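Notebook open, coffee poured. I want to go through this fold one piece at a time and jot down what I look up.

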Amino acid sequence: MTSRVASCTCGQLQIHCPQEPTMVSLCHCLDCQRRTGSPFGIAAFFDAAATEIRGLSKTFQRDSDSGFPISFHFCGTCGSTVFWYPSRKPEAVAVAVGCFADPSFPAPTKSVYDKRRHGWVVVPD
């Protein structure tokens with residue numbers, strides 16, 4: 001089992017994940033595109049109870065397309081969104097894969113909101 005730490009750009013906000021993710025997912029929804037400034041977001045899901053948060057975060061809550069609120073936690077200093085709590089999965093925390101800064105991180109196994117996917121983005125099978 002691998003333990004990983006994700007952090008914001010300045011390092012003030014961190015989430016320690018002492019286990020493998022239960023799922024890694026690409027999301028092509030327009031809200032993830034806006035949140036990341038990229039054509040998709042990539043989230044690794046972990047058991048929230050097993051993680052440890054260090055540092056201070058600011059929170060932004062919005063409804064998802066399915067109507068369930070999501071609470072995003074970001075650094076008030078550098079603005080990086082590091083993790084979020086999807087109310088549809090109350091036992092889970094989603095962590096922005098890029099915040100691990102680890103090229104060996106497991107690849108996504110799921111892709112959602114594919115109808116919003118940019119045509120030039122190739123999704124793994």
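Before I write down any strand partners: two strands pair if DSSP finds at least two bridges between them. I also keep in mind that this is a predicted model.

**Entry 1, a hairpin.** I looked up E8 and E9 with that rule in hand. Strand E8 covers residues 81-86 and strand E9 residues 92-96, and they pair in the antiparallel sense over 2 bridges. The link between E8 and E9 is a hairpin of 5 residues. I then checked who faces whom. Phe-83 stands opposite Val-95 in E9, and Trp-84 has Ala-94 of E9 as its bridge partner.

**Entry 2, the other neighbor of E9.** What does E9 share with strand E4? I find 5 bridges joining E9 to E4, residues 41-47, and the two run antiparallel. Ala-94 turns up again here, as the E9 bridge partner of Phe-45. I note that Ala-94 is thus listed with Trp-84 as well as with Phe-45.

**Entry 3, cover on E9.** Is E9 mostly covered or mostly open? It is mostly covered, as 5 of its 5 residues are buried. I wanted to see this face by face. In a regular strand the side chains alternate between the two faces of the sheet. On one side of E9 I list Ala-92, Ala-94 and Ala-96, and on the other Val-93 and Val-95; every one of these is buried, leaving both faces covered.

**Entry 4, the whole sheet.** I stepped back to place E9. The sheet is open and has 7 strands, in the order E6-E7-E8-E9-E4-E3-E10, with mixed pairing. Its edge strands are E6 (58-63) and E10 (110-112), each of which pairs on one side only. From one strand to the next, I get an average twist of 30 degrees.

**Entry 5, the element list.** I count 1 helix and 10 strands in the protein. Where does the helix fall in the run of elements? Reading from the N terminus, I have β-β-β-α-β-β-β-β-β-β-β, with the helix after three strands.

**Entry 6, overall dimensions.** Is the chain about as wide as a compact globule would be, or wider? A compact globule of 125 residues would have a radius of gyration near 14 Å, and the protein has 14 Å, so the two agree. Along the principal axes, the C-alpha atoms fill a box of roughly 40 × 30 × 25 Å. I put down 38% of the 125 residues as buried. The exposed area is about 7000 Å², and carbon and sulfur atoms supply 54% of it. For contacts between residues at least 6 apart in sequence, 56% join residues at least 24 apart.

**Entry 7, cysteines.** How many disulfides are there? My search of the whole structure gives 0. I asked why Cys-17 has no bond. The closest cysteine sulfur, in Cys-99, is 11 Å from the sulfur of Cys-17, which is too far. Cys-29 is in no disulfide either, and here the nearest cysteine sulfur is that of Cys-27, 3.5 Å away; the cut-off for a disulfide is within 2.5 Å. I checked burial too: Cys-17 is buried, at a relative accessible area of 0%, and Cys-29 is buried at 5%.

Note on methods. Residues are numbered from 1 along each chain as its sequence is written. This is a predicted model: local features need pLDDT of at least 70, side-chain atom pairs count only at pLDDT 80 or more; totals for chains, interfaces and linings use all residues. Side-chain values use heavy atoms; hydrogens and water are left out. Axes are lines fitted to C-alpha atoms, for helices over the stretch in contact, and angles run from 0 to 180 degrees between N-to-C directions. Buried means under 20% relative accessible area, exposed over 50%, partly exposed in between (1.4 Å probe, protein chains only). The radius of gyration is taken over C-alpha atoms; the globule rule is 2.2 Å times the number of residues to the power 0.38. Contact means heavy atoms within 4.5 Å. Accessible areas come from the Shrake-Rupley method with a 1.4 Å probe; for residues, only the protein chains shown count as cover.
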